[in-house]
Amino acid sequence: MKKGIFKKIFTTLAISMMSLSLLACGGNKPKTVSEKEIFSEDIKAIKDKGSLVVGLSADYAPYEFHKIINGKDEIVGFDIEIAKEIAKDLGVKLEIKDMKFSTLIGALPTGKIDMIVSGMSSTPERAEVVDFSNIYYKADQGIVIKEKDKEKYQTLEDFTSKKVGAQMGTIQAELIKKEIKDVDLKLLSHVKNLVTELKVGKIDGIAVELPVAEMILKGNKEFIIATPQLKDENNGSAIAVKKGSEGLLKQVNETIKKLQDSGKINEFIIQAQELAYE
């Protein structure tokens, strides 16, 4: 009888001690997700489908542009090489989606693309809807004009009330409106269309980054880069990902740092320029 009583008492005490132990270990504390789990969630989605879908606008040499290689139309440029490295570090294949620049930001939250690698400037307005990586390249901004108009456009004030073109959705469009009084801004989806407009005299200049301006001049000897430059207070080109994609952003920044430290990005730029010159 006593043996049975002692057994019951021992069992009750053991259960009570276990309960207290669970409480002491945070039994009532909500379960939290580890930093590693947070960082792996968005990357896991990419790994599961086996591809990194990158959105860009392939009319912006030397960043990204179409090139016939061995009879095949390919999208090349130093942005493409950077995207390849990110995909390689993630262990997946790279898938490119060529889109209008103005539609890229909207494609991220819908899941149509995983990231934007398209010479995109990191601006406060854009950062409200997407997350940006560290800066991977910074370039000055300029205006392409006809060589015969060289003396006509010596200052930004000389473009007052003139027709200046820019690619739709770009930082150049904002800079033109900000820095040139009463400018007649013409926005088009593709830089090649702006080049045509300048050739036929429908616009007086094209606002683009200087590396892009140099590529335009290579194929259009009648053009030059105007003396005055636009003042860009933004940090430079960065890679955009969907808001909250912490793991992907971390990996992108690691890849960018690796490429910068090794000098690879500079190599990619030189190679892209040479390819565009051919």
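This report walks through a predicted model of a single protein chain, from its overall make-up to its pockets, helices and backbone details.

**The chain as a whole**

Let us start with the broad picture. The chain contains nine helices and 13 strands. Of its 278 residues, 45% are buried. Its accessible surface comes to about 15300 Å², and carbon and sulfur atoms account for 54% of that area. If you look at contacts between residues at least 6 apart in sequence, 70% of them join residues at least 24 apart.

**The largest pocket**

For anyone thinking about open space in the model, the largest pocket holds about 530 Å³. Its lining is made of 22 residues, and those nearest the centre are Asp-59, Ala-61, Phe-65, His-66 and Lys-192. Five elements give two or more residues each to this lining: strands S2 (59-60) and S3 (64-69), together with helices H6 (191-199), H7 (210-219) and H9 (264-277). Which of these elements gives the most to the lining? The answer is H7, with five residues. By residue class, the pocket lining divides into 11 nonpolar, five polar and six charged residues.

The loop between S2 and S3 is worth a pause here. Pro-62 sits in that loop, and the peptide bond leading from Ala-61 to Pro-62 is cis, with omega near 5°. Most peptide bonds, by contrast, are trans. Ala-61 has already appeared above, as one of the residues nearest the centre of the largest pocket.

**The enclosed spaces**

The structure also holds two cavities of 30 Å³ or more. The largest cavity has a volume of about 70 Å³. Its lining includes Tyr-60, Phe-101, Arg-126, Gln-167 and Glu-209, as well as the run Ser-118, Gly-119, Met-120 and Ser-121. Thr-170, Ile-171 and Gln-172 are also among the residues that line this cavity. Here the division is four nonpolar, six polar and two charged residues.

**Helix H5 and the strands around it**

Two of those cavity-lining residues, Ile-171 and Gln-172, lead us to helix H5. This helix spans residues 171-179, and its buried residues are Ile-171, Gln-172, Ala-173, Leu-175 and Ile-176. What do they pack against? Their partners are S2, S8 (141-146), S9 (163-167), S10 (184-188) and S11 (205-209).

Strand S9 offers a good residue to zoom in on: Gly-165. Gly-165 counts as buried because its relative accessibility is 0%, under the 20% cut-off. Beyond its neighbours up to four places away in sequence, Gly-165 touches Lys-186, Leu-194, Ile-203, Gly-205, Ile-206 and Ala-207. The C-alpha atoms of Gly-165 and Lys-186 are 4.6 Å apart, although 21 residues separate the two along the chain.

**Helix H3**

Helix H3 covers residues 78-90, 13 in number, and reaches 19 Å from its first C-alpha to its last, close to the expected 18 Å. Its buried residues are Phe-78, Asp-79, Ile-80, Ile-82, Ala-83, Glu-85, Ile-86, Ala-87 and Leu-90. In an α-helix there are 3.6 residues a turn, so residues three or four places apart point the same way. After H3 comes Gly-91, which has a positive phi near 75°.

Asp-89 also belongs to H3. Is this residue buried or exposed? Neither term fits: Asp-89 is partly exposed, because its relative accessible area of 28% falls between the 20% and 50% cut-offs. Leaving aside neighbours within four places in sequence, Asp-89 is in contact with Gln-251, Thr-255 and Lys-258. Its C-alpha lies 8.9 Å from that of Val-252, a residue 163 places away along the chain.

**Two residues with positive phi**

Most residues other than glycine have a negative phi. The table shows two non-glycine residues with a positive value.

| Residue | Phi | Relative accessible area |
|---|---|---|
| Ser-161 | near 65° | 48%, partly exposed |
| Asp-182 | about 55° | 55%, exposed |

Ser-161 is placed in the loop between S8 and S9, while Asp-182 is found in the loop between H5 and S10. Asp-182 counts as exposed because its 55% is over the 50% cut-off, whereas Ser-161, at 48%, is partly exposed.

Definitions and conventions
Residues are numbered from 1 along each chain as its sequence is written. This is a predicted model: local features need pLDDT of at least 70, side-chain atom pairs count only at pLDDT 80 or more; totals for chains, interfaces and linings use all residues. Side-chain values use heavy atoms; hydrogens and water are left out. Helices (H or I, at least four residues) and strands (E, at least two) are DSSP runs, numbered from the N terminus. The expected span of a helix is 1.5 Å times one less than its number of residues. Buried means under 20% relative accessible area, exposed over 50%, partly exposed in between (1.4 Å probe, protein chains only). Contact means heavy atoms within 4.5 Å. Accessible areas come from the Shrake-Rupley method with a 1.4 Å probe; for residues, only the protein chains shown count as cover. On a 1 Å grid over the protein atoms alone, a cavity is a set of points where a 1.4 Å probe fits but cannot get out, and a pocket is an open set with protein on both sides within 12 Å along at least five of seven lines; lining residues have an atom within 4 Å of a point. Grid points are joined across faces, edges and corners, and a volume is the space filled by probe spheres set on the points. Ala, Val, Leu, Ile, Met, Phe, Trp, Tyr, Cys and Pro count as nonpolar, Asp, Glu, Lys and Arg as charged, and the others, Gly among them, as polar.
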